[in-house]
Amino acid sequence: MKRSHRVGAICQILTESPQKIFGYKYFCDMFSAAKSSISEDIAAAKEAVAATGYGYIETISGTYGGVKYVPDISSDKAVCIQENLCSMLKEENRILGGGFLYTSDIMYNPEIVKGMAQIFAKKFSSSGADYVATIETKGIPVAFMTAHLLNLPVVVIRRETKISEGATVSINYFPGSSERLQKMSISKRAAEPGSKVLIIDDFMRGGGSIKGLVEIFSEVDIEVVGIGVAIANIEPQKKKVSDYFPIVYLGEVNETEKTVEAISNFQIF
């Protein structure tokens with residue numbers, strides 16, 4: 001295999017498995033090449049990946065060392081993602097009754113979800129999380145993509161207990177959008193007690209659902225080390241949780257004039 005082909009293959013292998021460490025021997029065996037040649041290939045791969053602005057290849061020294069791809073995103077690219085999300089939210093045909101917005105096409109669009117996940121992955125890269133968690137359903141795509149970039153498993157909190165989950169722990173909570181009591185549950189096998197979790201969700205109005213997630217993880221001895229939401233409503237200003245990171249803020253939704261206020265989080269990094 002030509003060197004250019006090896007470099008391309010190394011880039012693909014590393015970027016498809018973010019945060020996973022590959023030893024030099026792995027590539028030596030794969031390409032039947034000397035370690036010195038692989039070292040040169042990896043140096044070239046580092047330059048190629050860094051030029052994209054979406055991450056970098058890191059070398060880990062020591063007995064169990066090797067190389068891994070670390071997802072990253074430049075501030076300029078993050079701003080572009082925010083501006084695109086705000087532009088989509090401002091489309092007048094998104095307005096539903098009661099001041100709600102239709103966002104399913106946004107939250108289930110792989111390209112848009114990947115951009116948001118890249119922002120979350122950079123923001124929470126040093127959180128020390130062992131899992132990424134969300135509550136069903138629209139938060140699942142961005143949570144999964146974030147988990148992929150951080151190389152972490154996902155925990156999905158159910159709104160209704162499923163027999164396939166086995167033994168569960170359930171709590172009642174008040175969602176931020178209403179004062180009607182609701183329920184959520186977590187399987188006892190979903191995560192190890194004493195571990196740490198990063199919460200990622202699609203939308204937050206008053207923070208009731210997020211507060212419920214924090215409480216249910218406390219019940220199973222799991223520490224929440226970060227909260228990321230794609231869209232956070234400006235009102236009410238006093239949320240049921242205080243320490244959270246939004247990508248964009250949603251302001252006034254005027255049904256009469258068909259206007260939507262969407263603002264980027266300027267303190268993103």
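Which backbone oxygen lies 2.8 Å from a polar atom of the side chain of Ser-187? In this predicted model, the partner is the backbone oxygen of Glu-165. Ser-187 belongs to strand β6, which covers residues 182-187. The relative accessible area of Ser-187 is 9%. Ser-187 is therefore buried, since the cut-off for that class is under 20%. Beyond four places in sequence, Ser-187 touches Glu-165, Ala-167 and Thr-168. Glu-165 thus appears both in the polar pair and among the residues touched.

A second buried site is found in helix α1, where Ile-10 is placed. Its relative accessibility is 0%. Ile-10 therefore counts as buried. With neighbours within four places in sequence left aside, Ile-10 is in contact with Phe-27, Phe-31, Asp-41, Ile-42 and Ala-45. Ile-216 lies 206 residues from Ile-10 along the chain. The C-alpha atoms of Ile-10 and Ile-216 are separated by 41 Å.

Helix α1 also contributes to a pocket. The second largest pocket has a volume of about 230 Å³. Two or more lining residues come from each of α1 (3-16), α3 (35-52), β2 (66-71), α6 (110-123) and α7 (140-150). The lining comprises 15 residues. Thr-15, Tyr-54, Tyr-69, Lys-114 and Gln-118 lie nearest the pocket centre. By class, the lining divides into eight nonpolar, five polar and two charged residues.

Helix α6, one of the elements of that lining, was examined further. α6 has 14 residues. From first C-alpha to last, α6 reaches 20 Å. This is close to the 20 Å expected at 1.5 Å a residue. At the N-terminal end, α6 is capped by Asn-109. A side-chain oxygen of Asn-109 lies 3.0 Å from the backbone nitrogen of Glu-111.

The buried residues of α6 are Ile-112, Val-113, Gly-115, Met-116, Ala-117, Gln-118, Ile-119, Phe-120 and Ala-121. An α-helix has 3.6 residues a turn, so residues three or four places apart point the same way. Cover for the buried residues of α6 comes from helices and strands. The helices include α4 (75-89), α5 (104-107) and α7. The strands include β7 (196-204), β8 (223-233) and β9 (245-254). Helix α7 thus has two roles here: α7 helps to cover the buried residues of α6, and α7 gives two or more residues to the pocket lining. Gln-118 likewise links the two descriptions. Gln-118 is buried in α6, and Gln-118 is one of the residues nearest the pocket centre.

Notes:
Residues are numbered from 1 along each chain as its sequence is written. This is a predicted model: local features need pLDDT of at least 70, side-chain atom pairs count only at pLDDT 80 or more; totals for chains, interfaces and linings use all residues. Side-chain values use heavy atoms; hydrogens and water are left out. On a 1 Å grid over the protein atoms alone, a cavity is a set of points where a 1.4 Å probe fits but cannot get out, and a pocket is an open set with protein on both sides within 12 Å along at least five of seven lines; lining residues have an atom within 4 Å of a point. Grid points are joined across faces, edges and corners, and a volume is the space filled by probe spheres set on the points. Helices (H or I, at least four residues) and strands (E, at least two) are DSSP runs, numbered from the N terminus. Ala, Val, Leu, Ile, Met, Phe, Trp, Tyr, Cys and Pro count as nonpolar, Asp, Glu, Lys and Arg as charged, and the others, Gly among them, as polar. The expected span of a helix is 1.5 Å times one less than its number of residues. Buried means under 20% relative accessible area, exposed over 50%, partly exposed in between (1.4 Å probe, protein chains only). Contact means heavy atoms within 4.5 Å. A polar contact is a pair of N or O atoms within 3.5 Å; within protein, one must be able to donate a hydrogen and the other to accept it, and residues adjacent in sequence count only if both atoms are side-chain atoms.
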